[in-house]
Amino acid sequence: MNYEIIGGAFPVVECHLERNETMITEGGSMVWMSPNMDMQTSGAGGLGRFFSGENIFQNLYTAKNGEGMIAFGSSFPGKIIPVDLREGDWIFQKRAFLASEDSVKVSVEFRKKLGAGFFGGEGFIMQRLSGNGTAFVEIDGDLKEIFLSDGEQIVVDTGNVAGYEAGVSMDIVQVKGMKNILFGGEGLFNTVLTGPGRVWLQTMPISGVASAILPYLPTPSNK
């Protein structure tokens, strides 16, 4: 499989496949393809995806009778980033996965620490990508990559955590000080990531955009 990432704020990844090569994607991500691409819907996502609120079905596209081409588009302004999983597993926010080679496994990752479980919200339910191929993930806004050495930490707003290597650990901490909690505008909790490993941060999480435009949406009038 060869690929090309096209576009600016709304990128598309165009994948060129050899005969019988297969790509896996979430429903609704395909934007164009050659007519010899065969689509099959699979429920291999399992109950874990169902209980996390994700669709258990994924679409498999296979190039039949020769080489094929298929393109997958982002759903929010940002970037499409390739991830080579032969270098190790990655953990991503649960909406990050866009598409991958069929040698990649997408599974639900529940953060096991007590704080992350009760207070992590979106950060509690993540996606683990593993396998021997290439996956493509969506990043909201721009991407900042940080490498944490063993034991090194960074504190991040939960929505800005796009993903991290499986060797990185995640926990949730409460903002200190009642005044900060009540008037600081930063919420009750932050995410703490501890190395070693790479961390990907996103600059414009969709949850932040939704919160910013909410006050400007019209409200239903009382009758």
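Two strands are taken to pair if DSSP finds at least two bridges between them, and by this criterion S2 and strand S7 (residues 68-73) pair in the antiparallel sense, with six bridges. In this predicted model, glutamate 14 lies opposite alanine 71 of S7. Strand S2, which spans residues 12-17, is mostly covered, five of its six residues being buried. S2 is also joined to strand S1 (residues 2-6), again in the antiparallel sense, through five bridges, and within this pairing asparagine 2 has histidine 16 in S2 as its bridge partner. S1 and S2 together form a hairpin in which five residues lie between the two strands, and glycine 7, located in the turn, adopts a positive phi of about 105°.

The protein chain as a whole contains four helices and 19 strands. Of its 223 residues, 43% are buried, while its accessible surface amounts to about 12,100 Å², with 56% of that area belonging to carbon and sulfur atoms. Among contacts in the protein chain with a separation of 6 or more, 77% are accounted for by residues 24 or more positions apart.

An open sheet is built from six strands in the order S5-S6-S3-S10-S13-S8, and the pairing is antiparallel. Its edges are occupied by strand S5 (37-42) and strand S8 (78-84), each of which pairs on one side only, and the twist from one strand to the next averages 20°. Within this sheet, strand S3 (residues 22-25) and strand S6 (residues 58-63) are connected in the antiparallel sense over four bridges; here threonine 22 has threonine 62 in S6 as its bridge partner.

A further open sheet, likewise of six strands with antiparallel pairing, follows the order S11-S12-S9-S16-S19-S14. Strand S11 (104-110) and strand S14 (143-148) are found at its edges, and because each has a single partner strand, one side of each is left without a neighbour in the sheet. Neighbouring strands of the sheet are turned against each other by 20° on average when direction is ignored. In the part of the sheet where strand S9 (residues 90-93) meets strand S12 (residues 125-131), the two strands run antiparallel and are joined by four bridges, with glutamine 93 standing opposite methionine 126 in S12.

Key
Residues are numbered from 1 along each chain as its sequence is written. This is a predicted model: local features need pLDDT of at least 70, side-chain atom pairs count only at pLDDT 80 or more; totals for chains, interfaces and linings use all residues. Side-chain values use heavy atoms; hydrogens and water are left out. Axes are lines fitted to C-alpha atoms, for helices over the stretch in contact, and angles run from 0 to 180 degrees between N-to-C directions. Buried means under 20% relative accessible area, exposed over 50%, partly exposed in between (1.4 Å probe, protein chains only). Contact means heavy atoms within 4.5 Å. Accessible areas come from the Shrake-Rupley method with a 1.4 Å probe; for residues, only the protein chains shown count as cover.
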